[in-house]
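Below are my comments on the model you sent, as numbered points. Please read them alongside the sequence and the structure.

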Amino acid sequence: DAGKNSLRENNMDMQVDNLLIMNDYRDCVVQDKVVRLCFRVTEAATGKLLQYGDDLTYLHGGYGGAFRKVEQAMEGGKIGDRIEVSLTPDEGYGEHDPQLVMSLPLEHFEGDAPEPGTLVEGECPDGQSQVFTVANVSSHDVILDGNHPFAGKVLDFQFEIVEIRDSMEAERTAGFAFDGMHR
């Protein structure tokens with residue numbers, strides 16, 4: 001009988017160990033978890049700070065809310081982990097496409113000339129809607145750029161994992177996290 005009791009105790013210990021492992025797994029960045037991050041983006045060549053924030057949320061697991069290399073670096077991460085990732089243009093926002101830069105006569109813009117940095121929606125030659133950034137304004141022309149501002153740049157990302165939670169079925173169906181709506 002004494003041998004049977006110690007065997008039961010050992011089995012119970014194994015089950016408790018398995019539960020601890022499962023609990024650790026629940027607190028990790030894995031498929032279908034919603035992850036909230038603080039982040040900082042710098043241009044690798046210059047070290048110039050391009051963007052930062054303390055509340056970036058995405059649905060982990062190939063839904064398109066984060067670059068593949070970023071998701072790979074986040075996999076298995078826990079709250080408080082700090083992760084650094086460098087992305088080439090091909091891994092990030094793509095190469096700068098000169099065909100997405102166009103010049104329009106200033107008279108196409110009603111009222112005051114737009115300020116550089118302003119976002120405007122326009123139509124590409126193929127008829128598709130596109131958001132452009134006003135790159136430059138002269139006395140005659142407005143230069144619009146349809147590239148992402150980070151296109152063509154090697155970027156260094158620094159992340160800190162702030163929160164991890166289970167996703168809801170509706171989020172998985174939609175393919176993105178409902179930022180802060182269901183905490």
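1. Does R36 count as buried or exposed? R36 counts as buried, because its relative accessibility is 18% and the cut-off for buried is under 20%. This is a predicted model, and the values in this note are computed from it.

2. R36 has a charged partner. It forms a salt bridge with E163, in which the closest N and O atoms are 3.0 Å apart. The pair links distant parts of the chain: R36 belongs to strand β1 (residues 33-43) and E163 to strand β8 (residues 155-166), with the two positions 127 residues apart in sequence numbering. In total, the structure holds six salt bridges. Through salt bridges with shared partners, R36, D55 and E163 are joined into one network.

3. A second salt bridge involves strand β8. R82 pairs with E160, the closest N and O atoms lying 3.4 Å apart. R82 is in strand β3 (residues 82-87) and E160 is in strand β8, so this pair ties together parts of the chain that are 78 residues apart in sequence. R82 is exposed, because its relative accessible area is 68% and the cut-off for exposed is over 50%. E160 is partly exposed, with a relative accessible area of 26%. As background, side chains of opposite charge can pair when their charged atoms come close.

4. On the overall layout, the protein has three helices and eight strands. Along the sequence they follow the pattern α-β-β-α-β-β-β-β-β-β-α. Of the 183 residues, 28% count as buried. Among contacts between residues at least 6 apart in sequence, 64% join residues at least 24 apart.

5. Strands β1, β3 and β8, which carry the salt bridges of points 2 and 3, belong to an open sheet of four strands in the order β2-β1-β8-β3, with antiparallel pairing. The edges are β2 (49-59) and β3; each has a single partner strand, so one side of each is left without a neighbour in the sheet. Neighbouring strands here are turned by 25° against each other on average, direction ignored. Six bridges join β3 to β8, and these two strands run antiparallel. One position to check is V85, whose bridge partner in β8 is F157.

6. Another open sheet has four strands in the order β4-β7-β6-β5, also paired antiparallel. Here β4 (101-105) and β5 (119-123) stand at the edges with a single partner strand each, so each has one side without a neighbour in the sheet. The twist from one strand to the next averages 45°. Strand β6 (residues 129-137) and strand β7 (residues 141-145) run antiparallel and are joined by four bridges. Within this pair, T133 stands opposite D145 in β7.

7. Which residue forms a salt bridge with E171? The partner is R165, and the closest N and O atoms are 2.8 Å apart. Both E171 and R165 are buried. E171 sits in helix α3 (residues 169-174), and its relative accessible area is 0%. The side chain of E171 also reaches two backbone nitrogens: that of M168 at 2.8 Å and that of F178 at 2.8 Å.

8. The surroundings of E171 include residues from other parts of the chain. Leaving out residues up to four places away in sequence, E171 touches V34, L59, R165, F176, A177 and F178. Of these, V34 is 137 residues away in sequence, while the C-alpha to C-alpha distance is 9.0 Å.

9. What is the nearest side chain of opposite charge to E71? It is R68, at 7.4 Å. E71 is buried and has no salt bridge, because that distance exceeds the limit of within 4 Å that a salt bridge requires. E71 lies in helix α2 (residues 68-74). Its side chain reaches the backbone nitrogen of G61 at 3.1 Å. Not counting residues up to four places away in sequence, E71 touches Y58, L59, H60, G61, G62 and A66. L59 therefore appears in the contact lists of both E71 and E171, contact being defined as heavy atoms within 4.5 Å.

Definitions and conventions. Residues numbered from 1 in each chain as written. Predicted model: local features only at pLDDT ≥ 70, side-chain atom pairs only at ≥ 80, totals over all residues. Heavy atoms only, no water. Buried < 20%, exposed > 50% of the residue type's maximum accessible area, 1.4 Å probe, protein only. Lys, Arg positive; Asp, Glu negative; His and termini not counted. Polar contact = N/O pair within 3.5 Å; in protein donor to acceptor, adjacent residues only side chain to side chain. Pairing = 2+ DSSP bridges. Axes fitted to C-alpha atoms, helices over the stretch in contact; angles between N-to-C directions.
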